[in-house]
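Reader: I'd love a friendly walk through this model before I set anything up. Could we take it one piece at a time?

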Amino acid sequence: MKELVAAGAGGSGDRVVDRRRFLLTSVAGVLAAPLAAEAQQTGKVRRVGTLHTSSAKDEADRVAALERGLAELGYLAGRNVLFVNRNAGQHMSRLPELATDLVRSGVDVIVTSVNPATLAAMKATTTIPIVMTVGVEPVAAGLVASLAKPGANVTGLTFDVDAAQLAAKRLEILKELMPSVSRVAVLWNPTYGPGMLRFKGTEDAGRKLGITIVSVQLSAGSDGERAFTEMRSARVGAVTVLSDPVVVARRAEIIELAARYRLPAIYALREWVEEGGLISYATSLIEQWRRAASYVAKILKGANPSELPIAQPTAFELWINKKAAKTIGLTIPQSVLLRADQVIDQ
């Protein structure tokens with residue numbers, strides 16, 4: 001499924017079906033200059049810091065993607081590049097401390113995950129280049145001056161082209177899955193900075209589609225069971241789950257609750273579907289981290305981050321788990337299956 005509106009092609013199968021693989025090239029093509037020879041000629045080991053708010057598994061997958069991207073450009077882990085990884089998990093209050101630690105360790109560039117990690121890195125240094133992989137509305141969030149000219153020491157990639165557009169697309173997918181759905185819950189964390197923007201976007205999209213949006217909040221210490229009981233009491237027909245470090249850290253719990261309450265759910269990351277969730281529509285985080293390597297390599301070569309334009313996603317993937325649909329008694333329309341990029345059938 002390309003961008004926000006284009007449909008794909010293909011059919012379902014008895015395994016994970018790789019329908020097509022998108023190459024995201026909006027800015028990466030410009031940045032991925034022939035750096036391999038230069039990197040191999042210098043004996044200097046460069047230090048690349050990473051700052052996460054993720055599970056250990058997610059961190060490992062994303063750093064591995066960054067390593068692959070850098071290896072393609074001649075920067076090989078353990079040979080001429082060293083990774084210094086710091087992960088706050090869902091404890092975002094630790095981000096300032098970890099960002100300061102990266103600065104003290106003498107890294108040449110810091111690669112960040114979500115907005116809070118980028119903001120923490122910005123407060124820790126105004127000189128070390130920062131490459132964000134999951135920038136959400138970076139101009140509105142104060143991360144950069146503009147997408148074309150970031151203007152300081154931050155550059156990288158956005159995760160959403162437009163939060164409201166993505167919210168509308170996910171609601172449209174739910175409406176196609178369940179044409180009669182009229183009430184949809186939004187499960188979100190109100191303490192996460194970009195959360196309100198995404199919730200408002202979903203609310204606006206709901207009004208246009210004639211869908212009543214029910215806000216259900218889930219913060220770090222709140223009860224997941226209570227959240228789903230609240231959805232049942234509100235008589236919602238489906239739920240869209242907004243992504244943030246706290247909610248993502250609880251994805252196994254949320255997937256289990258959605259299945260137990262027989263509530264169709266759409267997610268903002270494909271990892272949820274890989275782990276048993278029903279459906280997702282988003283760009284690939286793994287691909288975002290691989291693409292970030294182009295920025296890192298360009299910066300290590302001497303580029304000024306303030307002059308490297310922010311790249312936006314050019315492709316979004318629709319993932320469907322037919323086993324999850326069967327568990328809740330939902331038949332997925334063929335029109336939706338035909339547009340899927342990945343279908344998990346067992």
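Reader: Happy to start with a strand pair: over how many bridges do β2 and β3 pair?

Author: Good place to begin, and please keep in mind that this is a predicted model. The two strands β2 and β3 pair in the parallel sense. One residue pair in this ladder is Leu51 with its bridge partner Arg86 in β3. The number of bridges between β2 and β3 is seven.

Reader: Which handedness does the β-α-β unit of β2, α3 and β3 have?

Author: The helix of this unit, α3, covers residues 56-72. Together with β2 and β3, helix α3 makes a β-α-β unit that is right-handed.

Reader: And on the β4 side, which residue in β4 stands opposite Val48?

Author: Strand β2 covers residues 46-52 and β4 covers residues 109-112. They pair in the parallel sense over four bridges. Opposite Val48, in β4, stands Val109.

Reader: Now the whole sheet: what is the order of its five strands?

Author: This is an open sheet with parallel pairing. Its edge strands, each pairing on one side only, are β3 (81-87) and β6 (154-158). Neighbouring strands are turned by 20° against each other on average, direction ignored. Read across, the order is β3-β2-β4-β5-β6.

Reader: At about what angle to β2 does helix α4 run?

Author: Helix α4 is made of residues 95-104. It lies across β2, β3 and β4. Relative to β2, α4 runs at about 180°.

Reader: Is Ser113 buried or exposed?

Author: Let's place it before judging: Ser113 is found in the loop between β4 and α5 (115-124). Leaving aside neighbours within four places in sequence, its contacts include Leu51, His52, Thr133 and Trp289. The relative accessibility of Ser113 is 6%, and the cut-off is under 20%. Because of that 6% value, Ser113 counts as buried.

Reader: Last one, on helix packing: how many charged residues are in the contact of α8 with α10?

Author: Helix α8 (residues 224-233) and helix α10 (residues 251-260) pack at an angle of about 35°, their axes 10 Å apart, and α8 passes α10 in a right-handed crossing. Gly224, Glu225 and Phe228 in α8 meet Glu253, Ile254, Leu257, Ala258 and Arg260 in α10. By class, this contact has four nonpolar residues and one polar residue, and the number of charged residues is three.

Note on methods. Residues are numbered from 1 along each chain as its sequence is written. This is a predicted model: local features need pLDDT of at least 70, side-chain atom pairs count only at pLDDT 80 or more; totals for chains, interfaces and linings use all residues. Side-chain values use heavy atoms; hydrogens and water are left out. Two strands pair if DSSP finds at least two bridges between them. Axes are lines fitted to C-alpha atoms, for helices over the stretch in contact, and angles run from 0 to 180 degrees between N-to-C directions. Contact means heavy atoms within 4.5 Å. A crossing is left-handed if the near helix is turned anticlockwise from the far one by less than a right angle, and right-handed if clockwise. Ala, Val, Leu, Ile, Met, Phe, Trp, Tyr, Cys and Pro count as nonpolar, Asp, Glu, Lys and Arg as charged, and the others, Gly among them, as polar. Buried means under 20% relative accessible area, exposed over 50%, partly exposed in between (1.4 Å probe, protein chains only). A crossover is right-handed if, with the strands pointing away from the viewer, the path from the first strand over the helix to the second runs clockwise.
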